[in-house]
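Here's an informal walk through the charged pairs, the sheets and the nonpolar packing of one protein chain. Have a look at the model first, then read on.

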Amino acid sequence: MFKYTIRCAYALLVCCGMLACQSREDNHAAEAAREGNGGVVYGGNFRWNFTEQCESLNPVEVSTVAAISVVRQMHEGLVRIDYRTMKVEPGLALSWDVDSSRTRYTFHLRDEAMFQDDNCFPGGKGRKVVASDVLYSFENLCTYTEHNVGFNQLCKDILVGADTYYQASRKGKPQQHLEGVNVMDDHTVEISLVKPLPGFLYLLSLPAGFVIPEEAVKAYGTNSKIGAGPFKFAKETEYPKSIVLTRNPNYYRKDTMGNQLPYLDSLSISFMTTKEAELSEFMEHHLDMAYELPGKSMKEIVEKDIEAFQGNPPKFILGNFPELMTQFYVFNLQNPFLAKLKVRQAFNYAINKDEIVDNVLVGQASGPAIYGICPPNIDGYDIKQFSGYTYDPDKARALLAEAGYPDGKGAPKLKLELNTGGARHAKVAFEIAKQLEKELHIQLDLEVVPFPKKMEDEMYARADIFRSGWLADYPGPDAFLNLFYGKNVPENAAEPSFPNTSRYKNPDFDVLFEKAVQTVDRAESYRLFAEAEKLMLADAPVIPLWYEEIYILLQSNVHGFVINPLRMMDCSQIYFKAPEKREKK
């Protein structure tokens with residue numbers, strides 16, 4: 001397979017170099033740039049693109065890669081993840097203590113953290129972040145709204161009093177105080193859990209855990225965009241669709257050399273819907289980064305102009321590496337046909353995943369997901385213990401016949417809903433539809449919709465099968481297996497279900513999952529997760545397809561860019577600088 005790669009133990013990519021030409025706006029920024037300690041340079045506008053639009057910029061409502069990536073630049077929580085080491089580090093909290101029961105966390109807030117300037121504050125000046133803001137943020141998170149997806153991630157069955165508070169708000173009878181969060185003083189807040197949860201700090205680093213000011217919510221409602229992160233919201237345009245963030249001069253963090261973060265003046269995020277358009281804009285130097293690119297396109301570009309990548313200095317930096325992401329299709333288990341286990345198993349055996357990876361994705365994957373839902377690069381979690389579903393059309397046909405549909409006779413036509421994904425998902429869907437018709441005589445009607453609509457339809461089960469995928473929020477198997485936790489499914493089938501969109505329920509799975517997330521010893525925890533995953537795979541609520549592998553291009557004047565298996569971007573430490581030529585050896 002063709003590869004020009006940059007790899008290391010943590011799938012880390014740190015790139016630097018020179019940009020051949022820039023827009024007038026960027027040149028102007030470069031002229032005004034100043035140099036900091038260690039040679040870092042302040043100023044400039046970093047530009048990148050998503051093919052799918054953000055469904056929201058409210059931390060409790062975001063669930064897509066695009067929205068989460070943007071929101072992470074604007075907001076901060078008590079803790080954050082070091083994107084290089086993937087470990088939890090202090091955020092708005094300078095330190096914390098955990099009691100002997102491991103259910104009570106006491107966070108000590110730093111004194112220098114400030115909310116971004118905005119007219120919702122007196123005089124338009126952002127104020128200091130205090131402990132009462134943490135309480136308010138959790139109460140906001142535990143308040144029912146139709147699009148609140150963060151509650152299930154961070155609070156449900158986790159935070160003391162959260163479920164009671166949520167249900168009361170749902171009935172229009174909000175409580176006066178959230179029991180599990182207590183303000184000790186302006187700099188100290190105590191959070192109490194229902195039971196020990198070793199991964200709680202990782203969950204706290206998610207957007208659901210971001211701290212927001214009450215003044216902003218009162219002023220703007222769910223459209224509030226004020227946080228304590230390195231960049232603040234500046235504007236959003238519709239035609240063409242774009243979001244611009246600008247430097248937050250009151251951000252508290254500094255780098256290891258004492259430089260105030262962030263370095264950049266601004267971030268510009270566009271939303272071109274095809275990867276071809278994104279790649280074209282990058283090659284014309286209108287974007288500083290392009291990622292999730294087709295492997296075939298990368299091969300052609302490098303072969304056409306190898307000097308652009310191997311020059312001294314190069315024009316472009318190219319890397320590729322596996323992510324903590326799995327692509328799969330979700331069955332709507334409320335459909336009577338798909339509620340039959342042998343039907344779902346037949347679908348899994350009927351799909352040739354190698355064909356999809358090799359001839360549709362053209363190598364843009366780290367291998368077909370024949371083992372399970374968890375990708376292979378979770379440290380300490382051996383996915384090869386799962387047999388998964390290999391391509392076996394004879395077995396698929398036999399299972400479908402046993403389910404009462406020999407040669408597909410009597411089987412209904414099914415609706416497969418997908419988002420565009422830069423046209424890649426449509427190509428995969430056509431191939432899968434072709435394979436299912438060939439092997440099982442099952443017909444699929446394909447419907448391509450914008451990503452926000454696909455997400456909403458999936459949560460409300462408005463189609464029979466959904467294209468889906470999951471990028472881990474943190475590096476553990478529970479980040480994927482939480483998608484199948486039955487207690488996340490609402491009792492009322494008319495209500496949205498997230499993240500368990502298949503509405504899969506297996507009490508034995510739930511017991512194993514709950515034990516695993518509460519177990520401190522990692523080896524024992526992973527053993528329990530593996531037992532749970534085996535049960536889920538046997539029940540086949542989804543069709544695992546492949547593990548994601550990403551190609552990324554950077555203009556070679558980009559320094560300090562770090563990307564990791566979680567696709568978390570810390571734009572606060574990116575800067576532009578022309579490199580010196582490498583010495584020939």
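A salt bridge here is a side-chain nitrogen of Lys or Arg within 4 Å of a carboxyl oxygen of Asp or Glu. With that in hand, keep in mind that this is a predicted model.

**Charged pairs**

The structure holds 31 salt bridges. Some of them join up: Glu-76, Arg-80, Glu-89, Arg-253 and Asp-570 are linked in a network. Within that group, Asp-570 and Arg-80 form a salt bridge with their closest N and O atoms 3.8 Å apart. What does this pair tie together? Arg-80 sits in strand S3 (residues 79-81) and Asp-570 in the loop between strand S20 (561-563) and strand S21 (575-576), so the bridge ties together parts that are 490 residues apart in sequence. Asp-570 counts as buried at 14% relative accessibility, and Arg-80 counts as buried at 11%.

Other pairs stay within a single helix. Lys-453 and Asp-457 are four residues apart in helix H15 (residues 451-459), so about one helical turn separates them. Here Asp-457 is buried, whereas Lys-453 is partly exposed. In helix H18 (residues 522-539), Glu-531 and Lys-534 are three residues apart, again about one helical turn. Glu-531 counts as partly exposed at 31% relative accessibility, and Lys-534 likewise at 35%.

Here are the three pairs side by side:

| Acidic residue | Basic residue | Closest N to O |
|---|---|---|
| Asp-570 | Arg-80 | 3.8 Å |
| Asp-457 | Lys-453 | 3.0 Å |
| Glu-531 | Lys-534 | 3.5 Å |

**An antiparallel sheet**

Now for the strands. One open sheet has four of them in the order S5-S6-S8-S7, and the pairing is antiparallel. Its edges are strand S5 (93-98) and strand S7 (181-185), each pairing on one side only. Ignoring direction, neighbouring strands of this sheet are turned by 20° against each other on average. In the middle of that order, strand S6 (residues 104-109) and strand S8 (residues 188-192) run antiparallel and are joined by five bridges. Arg-104 has Ser-192 in S8 as its bridge partner. Helix H3 (residues 131-141) lies across S6, S7 and S8, running at about 170° to S7.

**Nonpolar packing**

In soluble globular proteins, nonpolar side chains tend to be buried together. In this model, the largest nonpolar core has 136 residues, and Phe-107, Phe-138, Phe-200, Phe-347 and Tyr-381 touch the most other members. What does Phe-107 contact beyond its neighbours within four places in sequence? Its contacts include Leu-78, Val-79, Trp-96, Val-189, Ile-191, Phe-200 and Leu-204. Apart from the largest core lies another, of 34 residues, with Phe-210, Phe-271, Met-289 and Phe-576 among them.

**A mixed sheet**

Another open sheet also has four strands, in the order S2-S11-S10-S9, and its pairing is mixed. Strand S2 (45-49) and strand S9 (231-238) form the edges, each pairing on one side only. From one strand to the next, the twist averages 15°. How do S2 and strand S11 (residues 266-270) pair, parallel or antiparallel? They pair in the parallel sense, over five bridges. Asn-45 has Ser-266 in S11 as its bridge partner. A helix goes with this sheet too: helix H2 (residues 65-74) lies across S9, strand S10 (241-247) and S11, running at about 20° to S10.

Note on methods:
Residues are numbered from 1 along each chain as its sequence is written. This is a predicted model: local features need pLDDT of at least 70, side-chain atom pairs count only at pLDDT 80 or more; totals for chains, interfaces and linings use all residues. Side-chain values use heavy atoms; hydrogens and water are left out. Helices (H or I, at least four residues) and strands (E, at least two) are DSSP runs, numbered from the N terminus. Buried means under 20% relative accessible area, exposed over 50%, partly exposed in between (1.4 Å probe, protein chains only). Two strands pair if DSSP finds at least two bridges between them. Axes are lines fitted to C-alpha atoms, for helices over the stretch in contact, and angles run from 0 to 180 degrees between N-to-C directions. Contact means heavy atoms within 4.5 Å. A nonpolar core is a set of buried Ala, Val, Leu, Ile, Met, Phe, Trp, Tyr and Cys residues joined through side-chain atoms within 4.5 Å.
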